[in-house]
Amino acid sequence: MRTRTAAPNSAKTNLPERLARAYDAQLDAAREQHAHGVPIVAVVGSTVPAEHCHAHAGMPVYLRPDPLAPTPRADRYIGSESWRMKSIVELALCGELAFVQVLMLTRGSEWMYYNLKEIVRRGEGAGVPRLYLHDYVPTNTEEAELYNRGRNTALREELNRAVGAGSPADLQRAVQLSSR
């Protein structure tokens, strides 16, 4: 049975310290939540709505590339790409993301998505989590709205497969979080 959040441990650290630690070591914080049964959704890009993850009782973790991190595995496959791309690909290839239920990439990261899919297809991506490409058109036209509605439906379906369906309480929590 999964829980939505880990039990608070205020005896050891206060909330500002916990938040600072989670920001500084976001994957460690995600692993801690995962150990408490919270499904983790890793995200690259800004157009995957966190509310969808929360509505499935999941924790979204927006990955940040590290310009100083060595990238020996990524260099093997995509040596000429940007440090941003290599940093995220390295995280996936070295197994740092093996505990997440799905790695969602947005259209701006499609090249990274296709490279990772090919690495997995070749049988060389054992630590790479399930991959999903979320396309969202940030334009206010009727056509884009219709397209985006379809993509958001597909996103919910993917989260159902990867994380499981959320409960009505999860949906209510997501609404509360997004209405602040």
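With which residue does Glu-110 form a salt bridge? In this predicted model, the partner is Arg-107, and the closest N and O atoms of the pair are 2.8 Å apart. Glu-110 counts as partly exposed, at 30% relative accessibility. Arg-107 is likewise partly exposed, with a relative accessible area of 30%.

This pair is a good starting point for a tour of the charged contacts, as the structure holds twelve salt bridges. Side chains of opposite charge can pair when their charged atoms come close. Another example is the salt bridge in which the side chains of Arg-31 and Glu-96 meet, at 2.6 Å from N to O. Arg-31 belongs to helix α2, which covers residues 26-35, while Glu-96 sits in the loop between α5 (83-93) and β3 (102-106), so this contact ties together parts that are 65 residues apart in sequence. As for solvent contact, Arg-31 has a relative accessibility of 27% and counts as partly exposed. Glu-96 is partly exposed too, its relative accessible area being 32%.

A further salt bridge brings together the side chains of Arg-122 and Glu-124, with 3.5 Å from N to O. Here Arg-122 has a relative accessible area of 44%, which makes this residue partly exposed, and Glu-124, at 30%, is partly exposed as well. Turning from single pairs to networks, salt bridges that share partners join Asp-28, Arg-31 and Glu-96 into one network. The reader can thus meet Arg-31 and Glu-96 twice in the model: as a salt-bridged pair and, together with Asp-28, as members of that network.

Note on methods. Residues numbered from 1 in each chain as written. Predicted model: local features only at pLDDT ≥ 70, side-chain atom pairs only at ≥ 80, totals over all residues. Heavy atoms only, no water. Salt bridge = Lys/Arg side-chain N within 4 Å of Asp/Glu carboxyl O. Helix = DSSP H or I, 4+ residues; strand = E, 2+ residues; numbered from the N terminus. Buried < 20%, exposed > 50% of the residue type's maximum accessible area, 1.4 Å probe, protein only.
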